Amino acid sequence: MTHSEGDKIGIRGHIAAENYKLLLLVNGVNITNNFYEGALMELDQWQMDDIERIEIIRGPGSVTYGSGAIAGVINIITKSAFSGAPMSEWKVSYSPEFRSSGFSFQSRRRFGDWGAYFYGSVQKTDGQENPKYFHLNPDEPTDVRYIGHRSIDEKGPQPYLEDTHGRPQIKLHLDLDNNDKFKVWARYTQSGQSHHFRTFTSDRDENDNLIEDTTNRNVSLRNFVISPEYTTDLSDTMNLKLRLSYDDQEYIRYRFSNVEYDIKSPANIRDYAFSQKRFVASALFDYHSSDRLQIATGFEFNRTGAYAPWGKSSNHLLIREGKWIINDADSSVYLDYPDGDNRPGSTRLEEVGNSLQFDTISQLSEATYKLSSNSQLIY
C-alpha cells in the first residue's frame, strides 16, 4: 500500500512504517534492513524483467528462515544462467502519467558447462505532476482538504514518486553458474523517491532569490549483494551445500527543512543516514541412508553492522531509534546545526564510535525416521 513513508507490504493485517515482521529475500539471501524499515529494498524498482517469480509464505517462519519471519517471508527469485534458452533483449518504456522513461537489457549465454545471465536497467522519473494528496482534517471543508489547495499552503503539492535529487533507478544483475555445482551472483540496485504527502519547498540562494521549488522529503537507497554457492554430492546418500553472502545497504532520509543549507547537506538529513553491512557464512549437510531415515544439520555465522553511509567517515552515522545514535558528540556532523529544525538533542544521544556490530551463530539439526507407511518420528 502507499504509505507516507513509501510503499509498504502488508501480510495478514500487519502493515507498518517499519516492516520488522517480514523477511525479504533475493534468491534465498536475506536483504531485510535490520536497523530501520525492515523489508524495503527492491520495493520501489519499476523495471522487473529480471525477476522470474516471487514466492510468498504467510505466517511465522523463523525456525526455517531466521529471526524476523513473523508475518511472512517474501523471496524474489531472479532469472539465472540456466532458467531459459540463450537470448538477448532490449526494451524501452515511457509513462506519461509519472513522466518516467527508461530502458533495459538482458542476455543469457552458454559456454560449455558454464552459463551466464546479465541484466541492466535505468529508469528516470519526474513523478506525477500536481497529485491530489488528501488531508484527513475534519475541521476543514471537504473541498479544501487537498494538500496544496489549503489556505495554509503557500506551494502546490510535491510530485508523487519523483526520483530523489534527480538520481534515476538503476539495477544491475550478473549470474554465473557451473551447471548448479558452483554458482555466484551479484546484484546492485539504486532507487529512492519523494515520500510523504507534502507541498513544495522553496530552494533559495544566499540572497534569498528563488532557485527552484523542490520536493520536501525524499529517501535514497542503494544496495549491493554478492553470493557464491557450492553444492557437492559426497556420496549417493550425502550432500553438502556451502554458501557465503555479503550485502551492503545504504539508507538516507532527507527533509528540506533547513533551507539556508544545500538540500543534500547533513543539516537536511532527517533521522537516518547509515549503511548496513552483513556477512553470512553457512553450511548444510544432508544425509539420506534410505527411504526411512533422513538427517540434516547446518551451521550459520552472521555478522551485521551499522556504519556511516557509503564513502563517508564515521561522523556521518545517524540512526534515530528512541535515542539519536551517532559516532560521538565531539565530531558528529549532525550536531553542527544546533538551531536547525529536527536536529539531534544533546540529552538523547547514544555514542557508538565507528559502528554497531552484532554477531549471531546458529546451528540446526533435524532427523526424520519413518516407522511405517503412516507414522514417523521427527527430531
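Colleague: Which strand gives the largest share of the nonpolar patch?

Modeller: Bear in mind that this is a predicted model. The patch covers about 750 Å² of surface and is made by Phe111, Trp114, Phe118, Leu172, Leu174, Leu176, Phe182, Tyr230 and Leu242. Two elements give two or more residues to it, strand S9 (114–125) and strand S10 (169–177). The largest share, 3 residues, comes from S10.

Colleague: And in which strand is Trp114 found?

Modeller: Trp114 is one of the residues that make the nonpolar surface patch. As for its place in the fold, Trp114 sits in strand S9.

Colleague: Let's go inside. How many cavities of 30 Å³ or more does the structure hold, and what volume has the largest?

Modeller: The count of cavities at that cut-off is 2. For the largest of them, the volume comes out at about 110 Å³.

Colleague: Which residues are closest to the centre of that largest cavity?

Modeller: The elements giving two or more residues to its lining are strand S2 (6–7) and strand S14 (217–233). By class, the lining splits into 5 nonpolar, 3 polar and 5 charged residues. There are 13 lining residues, and those closest to the centre are Gly6, Asp7, Leu40, Asp44 and His195.

Colleague: What about the second largest cavity: how many of its lining residues are charged?

Modeller: That cavity has a volume of about 80 Å³. Of its 13 lining residues, His3, Tyr160, Leu161, Ser194 and His195 are the closest to the centre. Strand S1 (2–3) and S2 are the elements that give two or more residues to the lining. Sorted by class, the lining has 5 nonpolar and 7 polar residues, and the number of charged ones is 1.

Colleague: Now the second largest pocket. Which residues are closest to its centre?

Modeller: The space in this pocket is about 250 Å³. Its lining has 4 nonpolar, 5 polar and 5 charged residues. The pocket is lined by 14 residues, and the closest to the centre are Arg150, Ile152, Asp153, Arg198 and Thr199.

Colleague: On to the strands. Which ones stand at the edges of the open sheet of 4 strands?

Modeller: The order in this sheet is S4-S3-S6-S5, and the pairing is mixed. A strand with a single partner is left without a neighbour on one side, so the edges go to strand S4 (29–30) and strand S5 (51–58).

Colleague: Which residue in S4 does Leu25 stand opposite?

Modeller: Strand S3 (residues 22–26) and S4 run antiparallel, joined by 2 bridges. Across that pairing, Leu25 faces Asn30.

Colleague: Last one: through how many residues does the hairpin join S21 to S22, and which residue stands opposite Gln376?

Modeller: Strand S21 (residues 356–372) and strand S22 (residues 375–378) pair in the antiparallel sense, with 4 bridges between them. The hairpin that joins S21 to S22 does so through 2 residues. Opposite Gln376 in S22 stands Lys370.

Definitions and conventions: Residues numbered from 1 in each chain as written. Predicted model: local features only at pLDDT ≥ 70, side-chain atom pairs only at ≥ 80, totals over all residues. Heavy atoms only, no water. Pairing = 2+ DSSP bridges. 1 Å grid on protein atoms, 1.4 Å probe; cavity = no way out; pocket = protein on both sides within 12 Å on 5 of 7 lines; lining within 4 Å. Points joined across faces, edges and corners; volume = space filled by probe spheres on them. Nonpolar A, V, L, I, M, F, W, Y, C, P; charged D, E, K, R; others polar. Patch = residues over 30% accessible without salt bridge, like charges linked within 9 Å, V, L, I, M, F, W, Y side chains within 5 Å. Areas by Shrake-Rupley, 256 points an atom, 1.4 Å probe, with all protein chains shown as cover. Salt bridge = Lys/Arg side-chain N within 4 Å of Asp/Glu carboxyl O.
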